[in-house]
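This briefing is intended for a reader who is meeting the structure for the first time. Please view the sequence and the model below before turning to the points that follow.

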Amino acid sequence: MADTTLMSIPGQIDPVPVARDITPRADGRIDLIGLPKDRIRELFAEAGLDAKQAKLRAKQVFHWLYHRGVTDFAAMTDIAKTMRPWLAERFYIGRPDVVEAQHSTDGTRKWLLRTSDGHEFEMVFIPDADRGTLCVSSQVGCTLNCRFCHTGTMKLVRNLTPGEIVGQVLLARDSLGEWPKGSMAGLDEVEDSAEYTSDGRLLTNIVMMGMGEPLYNFDNVKGALKLVMDGDGLALSKRRITLSTSGVVPAMARCGEEIGVNLAVSLHAVTKEIRDEIVPLNKKYGIEELLQACADYPGASNARRITFEYVMLKDKNDSDEHAHELVRLLKQYDLPAKVNLIPFNPWPGAAYECSTPERVKRFSEIVFEHGISAPVRTPRGRDIDAACGQLKTAAEKKSRAQRDRETAAAEATEAAAG
Ligand code: SAH
Ligand code: SF4
């Protein structure tokens with residue numbers, strides 16, 4: 001089933017072979033999710049439609065896939081009835097499989113997902129009063145073993161494909177019941193009527209902060225985010241999308257130029273010694289080089305600041321001196337910066353502890369006193385291991401039977417809740 005073409009992922013460790021982005025299905029049908037509109041058009045033409053038809057059908061199908069979220073060609077009511085089975089015989093509309101869905105007491109939701117070739121990864125939804133943020137994974141595992149990150153203890157299994165990345169967003173909208181409702185028959189007439197409503201806006205923001213280093217899977221992340229931003233589909237603004245990198249300097253300019261989303265940088269330390277220890281990629285791309293790349297980031301401005309993430313590790317990177325040095329560095333490079341202080345989220349076997357609340361508060365005050373915003377991020381979903389750095393498909397260790405029991409119980413609860 002899986003494509004045997006392999007490619008290597010550059011990283012700290014030896015390149016890892018992974019399956020390429022198009023994985024033909026066992027039944028020979030091609031999954032359209034993750035493909036650009038032009039590619040869909042080409043495939044329709046290769047399957048026998050003339051150029052004009054292929055273009056029209058690609059446009060219609062794209063709208064159904066990304067604007068309406070349908071997973072069945074039979075529901076595409078503006079496409080001729082005879083054409084729908086023709087499409088269904090040749091093409092497919094996929095979603096990652098849901099292995100397990102969990103709800104935190106604070107409203108955070110986490111899904112354990114599985115690729116069609118059996119690899120597990122996670123996605124998290126964090127609702128807030130004024131927004132809802134989906135935390136999306138880019139890889140199964142990560143090649144960069146940051147010492148405080150649970151995902152970093154996993155071996156990289158493979159890059160996620162564009163379809164598996166955008167598939168997380170589609171699945172989240174399915175689960176949140178957020179697709180526009182109403183009939184598409186005579187769309188032009190109903191588009192503005194009450195029948196056709198884009199109800200709620202639970203999912204408003206996307207952060208590429210799940211499992212993996214997105215800039216080591218550049219092309220697939222770019223392909224997926226282009227689909228997320230496409231005005232004919234999900235149409236999420238690039239201002240509502242943030243990509244977090246541990247500091248893959250050579251890919252940062254491309255990220256700004258070719259994707260154009262907001263940038264977050266996992267800085268976490270202000271001295272070479274400490275950053276080398278906790279973010280080993282620092283040995284390859286040091287702090288100065290990283291901050292220079294931030295200063296050069298296309299699109300960064302005072303209106304669109306770069307977020308510097310800083311995980312608070314007790315007696316490691318949390319002193320007053322560290323806070324002052326952080327301010328000095330950000331000013332030296334004249335960075336339009338905001339700092340996000342992340343209390344360390346513990347996981348079994350971690351070598352660090354979280355700084356005390358007083359220490360975090362003082363650190364935040366020092367940075368703030370120098371005119372740089374430095375809020376403390378409230379950990380979300382800790383009870384279900386959904387907080388930053390806790391993602392590690394822990395469920396893989398559970399027995400099949402236990403997982404099935406939990407899924408059945410969760411479904412029963414959801415059904416009971418209506
Ligand atoms: N690989 C990317 C994005 C995923 S990690 C990156 O490293 O930026 C998302 C954020 O969570 C990063 O800032 C990461 O450093 C942070 N993080 C990882 N483990 C953590 C932990 N145990 N507690 C708090 N934050 C953590
Ligand atoms: Fe990978 Fe980011 Fe975790 Fe580092 S913090 S190991 S780059 S996922």
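By class, the residues around ligand 2 divide into 4 nonpolar, 3 polar and no charged residues. The shell itself is made up of Cys142, Leu144, Cys146, Cys149, Gly152, Gly212 and Ser246. The model is a predicted one, and the points below are grouped by topic.

**The chain as a whole**

- The chain holds 12 helices and 15 strands.
- Of its 418 residues, 52% count as buried.
- Among contacts in the chain with a separation of 6 or more, 66% join residues that are 24 or more positions apart.

**Ligand 1**

- Ligand 1 is surrounded by 20 residues, of which the closest are Phe148, Gly212, Ser244, Ser266 and His268.
- A polar backbone atom of Phe148 lies 2.8 Å from a nitrogen atom of ligand 1.
- Gly212 likewise places a backbone N or O atom 2.9 Å from a nitrogen atom of the ligand.
- With His268 the side chain is involved: one of its N or O atoms is 2.6 Å from an oxygen atom of ligand 1.
- Gly212 is listed among the closest residues to ligand 1, and Gly212 also belongs to the shell of ligand 2.

**Cavities**

- Rolling a probe the size of a water molecule over the atoms shows where empty space is left.
- How many cavities of 30 Å³ or more are there? The count comes to 2.
- The largest cavity encloses about 60 Å³ of space.
- Its lining consists of Gly260, Val261, Asn262, Leu263, Tyr297, Pro298, Gly299, Ala300, Arg304, Arg305 and Ile306.
- By class, the lining of the largest cavity has 6 nonpolar, 3 polar and 2 charged residues.
- The second largest cavity has about 50 Å³ of space.
- Val169, Arg173, Arg201, Leu203, Val228, Leu234 and Leu236 form the lining of the second largest cavity.
- That second lining comprises 5 nonpolar residues, no polar residues and 2 charged residues.

**The loop between helix 6 and strand 12**

- Arg239 is situated in the loop that runs between helix 6 (218–229) and strand 12 (241–245).
- Is Arg239 buried or exposed? Arg239 is exposed, because its relative accessible area is 52% and the cut-off for an exposed residue is over 50%.
- Leaving out residues up to four places away in sequence, Arg239 touches Asn262 and Arg304. Both Asn262 and Arg304 appear in the lining of the largest cavity.
- Arg239 and Asn205 are 34 residues apart along the chain, and 8.7 Å separates their C-alpha atoms.
- Ala235 belongs to this loop between helix 6 and strand 12 as well.
- The phi angle of Ala235 is near 55 degrees, a positive value in a residue other than glycine.
- Ala235 is partly exposed, with a relative accessible area of 42%.

**Asp334, a further residue with positive phi**

- Asp334 is not a glycine, yet its phi is positive, at about 55 degrees.
- Where is Asp334 placed? Asp334 is in the loop between helix 10 (320–332) and strand 15 (337–343).
- Asp334 counts as exposed, because its relative accessible area is 67%.

**Thr133 in strand 8**

- Thr133 forms part of strand 8, which covers residues 132–135.
- Thr133 counts as buried because its relative accessible area is 10%, and the buried class is for values under 20%.
- Which residues does Thr133 contact, leaving aside its neighbours within four places in sequence? The contacts are with Val124, Phe125, Ile126, Asn205 and Val207.
- Asn205 thus links two topics of this briefing: Asn205 is in contact with Thr133, and the C-alpha atom of Asn205 is 8.7 Å from that of Arg239.

**Glu42 in helix 1**

- Glu42 is located in helix 1, residues 37–46.
- The relative accessibility of Glu42 is 35%, so Glu42 counts as partly exposed.
- In sequence, 13 residues separate Glu42 and Lys55, while in space the two are 8.4 Å apart, C-alpha to C-alpha.

Methods
Residues are numbered from 1 along each chain as its sequence is written. Chains are lettered from A and ligands numbered from 1 in the order in which they are written. This is a predicted model: local features need pLDDT of at least 70, side-chain atom pairs count only at pLDDT 80 or more; totals for chains, interfaces and linings use all residues. Side-chain values use heavy atoms; hydrogens and water are left out. Helices (H or I, at least four residues) and strands (E, at least two) are DSSP runs, numbered from the N terminus. Buried means under 20% relative accessible area, exposed over 50%, partly exposed in between (1.4 Å probe, protein chains only). Contact means heavy atoms within 4.5 Å. On a 1 Å grid over the protein atoms alone, a cavity is a set of points where a 1.4 Å probe fits but cannot get out, and a pocket is an open set with protein on both sides within 12 Å along at least five of seven lines; lining residues have an atom within 4 Å of a point. Grid points are joined across faces, edges and corners, and a volume is the space filled by probe spheres set on the points. Ala, Val, Leu, Ile, Met, Phe, Trp, Tyr, Cys and Pro count as nonpolar, Asp, Glu, Lys and Arg as charged, and the others, Gly among them, as polar. A residue is near a molecule or strand if one of its heavy atoms lies within 4 Å of it. A polar contact is a pair of N or O atoms within 3.5 Å; within protein, one must be able to donate a hydrogen and the other to accept it, and residues adjacent in sequence count only if both atoms are side-chain atoms.
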